[in-house]
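These entries record what I looked up in one structure. I took the aromatic pairs, one strand residue and the principal pocket in turn.

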Amino acid sequence: MSFLKGFVGEIISPVQRAIYSVASFIYGSIADIKEWRDLRGNYEKLKERVEQLEKELLRMNELEKQNQRLKKLLDFAVGREDLVVTGARVTGKDPGNWFNVFTIDKGRNQGIEVNMAVVTDQGLVGRVIEVGPNWAKVRSIIDSQSSISGIVERTRDNGIIKGNNAFGMEDGTCSMVYLPLDSEVSEGDKVITSGLGDFLPKGIYIGEVTKVVRYKKDLYKTAIIKPRVDFQRLEEVLVVKGRVGE
């Protein structure tokens, strides 16, 4: 029996070692697959978390920028306590790069009326031209159909400020026409609203003179004005509803 057992053992042992090796390999492979799946699952969770954090960071940055813009508008309102203003958000605009005509999210229900002035902390934007229940349409001072009265701060010359943005010819400037021929207006002069005969309060900053010209046959000078307001980036504005006490 001992000889037979030894003989059988000689035959079975290599087979058992082979079976053990194969089983170990299969077990190890299964363990690797499970580990890989775990890693893959963790990776997907981390990726999703990173995307959530990126969205949150973007939202926080956007809120921070909005707060900075609103703080500047508030500074304007504090600096002009004689005016009653209300904040509004720009909700739409005509096609193109410039805010020639745009809509805001305040209207008749919030006390907005046609011809009210619209401003930012940088100066005059334009005036309200149409009002709905909860919206209003604004025409900016650079639009070719805009016409308001202004005054050169240094020389006190009065003139009419017209927008220069027409279809196919848009540069974001205005022209101040009907300036007297003896006007000493020059490049760098500041221009503000005159408050004469119209709806806009006096003293709101408009922009700076970049060039003075006199066209042939004209009996007046014309000043080209670069507005202070960035008419390619408008997001929040203030609507001037009147003066305190009115």
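**Entry 1: Aromatic pairs**

I began with Phe102, which is buried, its relative accessible area being 0%. The model is a predicted one, and I read every value below with that in mind. I then looked up Phe99 and found that residue buried as well, at a relative accessible area of 10%. Both values fall under the 20% cut-off for a buried residue.

I next asked how many aromatic pairs the rule gives. The count comes to 2. Phe99 and Phe102 form one such pair, with 6.0 Å centre to centre and 70° between the planes. I entered this pair as edge-to-face, because an angle over 60 degrees between the planes counts as such.

The pair of Tyr178 and Tyr220 is also edge-to-face, with 4.8 Å centre to centre and 65° between the planes. I noted where the two partners sit: Tyr178 is in strand β8 (residues 174-179), while Tyr220 is in the loop between β10 (205-213) and β11 (221-227). The pair therefore ties together parts that are 42 residues apart in sequence.

Are these two tyrosines buried, exposed or partly exposed? I found Tyr178 partly exposed at 46% relative accessibility. Tyr220 is likewise partly exposed, with a relative accessible area of 21%.

**Entry 2: Thr120**

I looked up Thr120 in strand β3, which covers residues 117-120. This threonine counts as buried because its relative accessibility is 4%, and the cut-off is under 20%.

What does the side chain of Thr120 reach? I found the backbone nitrogen of Gln122 at 3.0 Å. I then listed the contacts of Thr120, leaving out residues up to four places away in sequence. Thr120 touches Leu73, Phe76 and Val125, and also Val229, Leu234, Glu236 and Val237.

**Entry 3: The largest pocket**

I turned to the largest pocket and recorded a volume of about 310 Å³. Its lining consists of 14 residues. I noted those that lie nearest the centre: Arg69, Lys72, Asp121, Gln122 and Arg233. Gln122 thus appears again, having supplied the backbone nitrogen that the side chain of Thr120 reaches.

Which element gives the most to this lining? I found that helix α1 (residues 2-79) does, with 5 residues.

I closed by sorting the lining residues by character: 8 are charged, 3 are polar and 3 are nonpolar.

Conventions
Residues are numbered from 1 along each chain as its sequence is written. This is a predicted model: local features need pLDDT of at least 70, side-chain atom pairs count only at pLDDT 80 or more; totals for chains, interfaces and linings use all residues. Side-chain values use heavy atoms; hydrogens and water are left out. On a 1 Å grid over the protein atoms alone, a cavity is a set of points where a 1.4 Å probe fits but cannot get out, and a pocket is an open set with protein on both sides within 12 Å along at least five of seven lines; lining residues have an atom within 4 Å of a point. Grid points are joined across faces, edges and corners, and a volume is the space filled by probe spheres set on the points. Helices (H or I, at least four residues) and strands (E, at least two) are DSSP runs, numbered from the N terminus. Ala, Val, Leu, Ile, Met, Phe, Trp, Tyr, Cys and Pro count as nonpolar, Asp, Glu, Lys and Arg as charged, and the others, Gly among them, as polar. Buried means under 20% relative accessible area, exposed over 50%, partly exposed in between (1.4 Å probe, protein chains only). A polar contact is a pair of N or O atoms within 3.5 Å; within protein, one must be able to donate a hydrogen and the other to accept it, and residues adjacent in sequence count only if both atoms are side-chain atoms. Contact means heavy atoms within 4.5 Å. Rings of Phe, Tyr and Trp (its six-membered ring) pair if their centres lie within 6.5 Å; planes under 30 degrees apart count as stacked, over 60 as edge-to-face and the rest as tilted.
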